[in-house]
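Let's take a walk through a protein model together. Keep the viewer open, and turn the picture around as you read.

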Amino acid sequence: MKNEDIKKLIPQRDPILMVDKLLEADSSKSLTSLTVRADNYFIGEDGKLEESGLIEHIAQSASAFAGYMAVEKGATEPPVGYIGEIRKFCCYHRPRVGDELVTTIIIGAEVGGVTSINGESRVQGKLMAETQMKIYIRP
Amino acid sequence: MKLENNYYKLISMHHEGLSSRFHIALRKECDVYIGHFPGDPVSPGACNIQTIKECAEQLTGKELRISTIRQCRLTAVVTPVVCPELDVIINLQSLEQGYAVTARIIDAEKTYMEYKGEMTV
């Protein structure tokens, strides 16, 4: 899986592709990564990622996890996912250019195509942001 | 990143009691739609959150950070075709460290986003 092309797992593309790799996944948890580059769409004027970029990265991480499970079940196209709700988002620090974000997604209940997730993003173990989300996967 | 004149254009802004209404046009030629999604332009929720932040910054005249989002509901899909013009309605309350921000993104037809959170200076 480490070499799985992220583009097989999520439909987003440059300039708004916000996950580099799916590092690990099992039935309830995944790890994804993103190295923040200077040309990232969400870079603020101070050279750090905007909070909205962290939100998009966490949402795409959840989408990559859903894509991985869909591909395991035989899907040929990555599913399109939308954010339905964000709750309890907290931003503690913002990553800088060159930082590698590693994000843990834990999947919760799925009701009618809407999946609840918990996400937290770290740089070298230091918590940058955490949130709960509901992600709607388009059938 | 600055979304004004890139992702959206501000058409007008006026105050209504305690709220402020920013009337914006989504720019369908924005680069973001090359990737979100190829051949299927959908406005990213994260860009709409960033738009709320930019409007709040314009109101306060200060650079703000999104410290928390208590709840943000994305109640309908936004695209520059379905809803080319939107109203961002913002209410700010001063806190010790910044502002409690309540916002809605709407047009005549629908509510697209309901947002509650805190931004710090």
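## A word you'll need

A residue is called buried when its relative accessible area is under 20%, exposed when it is over 50%, and partly exposed in between. Try that out on Lys88(A): its relative accessible area is 54%, so it counts as exposed. One more thing before we go on: this is a predicted model.

## Chain A at a glance

Chain A contains 1 helix and 6 strands. If you trace the chain along its sequence, the order is β-β-α-β-β-β-β. Its C-alpha trace stretches about 40 × 30 × 25 Å along the principal axes. A compact globule of 139 residues would have a radius of gyration near 14 Å, and chain A has 14 Å, so the two agree.

What share of the residues in chain A is buried? The figure is 50% of the 139 residues. On the outside, chain A exposes about 6,400 Å², with 48% of that coming from carbon and sulfur atoms. If you take contacts between residues at least 6 apart in sequence, 62% of them in chain A link residues at least 24 apart. As for charge, there are 17 positive and 20 negative charges in chain A, and their mean positions sit 2 Å apart.

## Chain B at a glance

Now for the partner. Chain B has 2 helices and 6 strands, and from the N terminus they run β-β-α-α-β-β-β-β. Its C-alpha trace spans about 45 × 25 × 25 Å along the principal axes. With 121 residues, a compact globule would come out near 14 Å in radius of gyration; chain B has 14 Å, so this one agrees as well.

Of those 121 residues, 53% are buried. The exposed area of chain B is about 5,600 Å², and carbon and sulfur atoms supply 48% of it. Among its contacts between residues at least 6 apart in sequence, 59% join residues at least 24 apart. Chain B carries 13 positive and 15 negative side chains, and the centres of these two sets lie 3 Å apart.

## Where the chains meet

How many residues of each chain take part in the contact between chain A and chain B? There are 31 from chain B and 31 from chain A. Together the two chains bury about 2,400 Å², and 57% of that is on carbon and sulfur atoms. On chain B's side, Met1(B), Phe37(B) and Arg65(B) provide 24% of the area it buries against chain A, more than any other three residues.

## Three residues to click on

Start with Ser63(A), which lies in helix H1 (residues 51–72) of chain A. Is Ser63(A) buried or exposed? Its relative accessibility is 3%, so it counts as buried. Setting aside residues up to four places away in sequence, Ser63(A) touches Leu9(A), Ile10(A), Pro11(A), Gln12(A), Pro79(A) and Gly81(A).

Next, find Pro41(B) in the loop between helix H1 (32–35) and helix H2 (45–60) of chain B. Its relative accessibility is 33%, so Pro41(B) is partly exposed. Beyond its neighbours within four places in sequence, Pro41(B) is in contact with Tyr33(B), His36(B), Thr79(B) and Pro80(B). The C-alpha atoms of Pro41(B) and Val81(B) are 8.3 Å apart, although 40 residues separate the two along the chain.

Then there's Leu95(B), in the loop between strand S4 (85–94) and strand S5 (98–106) of chain B. At 38% relative accessibility, Leu95(B) is partly exposed too. Neighbours within four places aside, Leu95(B) contacts Ala100(B) and Glu118(B).

## Some unusual backbone spots

Most residues other than glycine have a negative phi, and most peptide bonds are trans. Here are some exceptions to look up. The peptide bond from Asp14(A) to Pro15(A) is cis, with omega near 10 degrees; Pro15(A) sits in the segment before strand S1 (21–25) of chain A. The bond from His36(B) to Phe37(B) is also cis, with omega near -5 degrees, and Phe37(B) is in the loop between H1 and H2 of chain B.

Lys88(A) is back again: its phi is near 55 degrees, a positive value, and it belongs to strand S3 (residues 81–91) of chain A. Asn5(B) has a positive phi as well, near 70 degrees. You'll find Asn5(B) in the segment before strand S1 (8–16) of chain B, and at 48% relative accessibility it counts as partly exposed.

Note on methods. Residues are numbered from 1 along each chain as its sequence is written. Chains are lettered from A and ligands numbered from 1 in the order in which they are written. This is a predicted model: local features need pLDDT of at least 70, side-chain atom pairs count only at pLDDT 80 or more; totals for chains, interfaces and linings use all residues. Side-chain values use heavy atoms; hydrogens and water are left out. Helices (H or I, at least four residues) and strands (E, at least two) are DSSP runs, numbered from the N terminus. The radius of gyration is taken over C-alpha atoms; the globule rule is 2.2 Å times the number of residues to the power 0.38. Buried means under 20% relative accessible area, exposed over 50%, partly exposed in between (1.4 Å probe, protein chains only). Contact means heavy atoms within 4.5 Å. Accessible areas come from the Shrake-Rupley method with a 1.4 Å probe; for residues, only the protein chains shown count as cover. Lys and Arg count as positive and Asp and Glu as negative; His and the chain ends are not counted. The place of a charge is taken as NZ of Lys, CZ of Arg, CG of Asp or CD of Glu. Buried area is the accessible area (1.4 Å probe) that two parts lose on being put together, summed over both.
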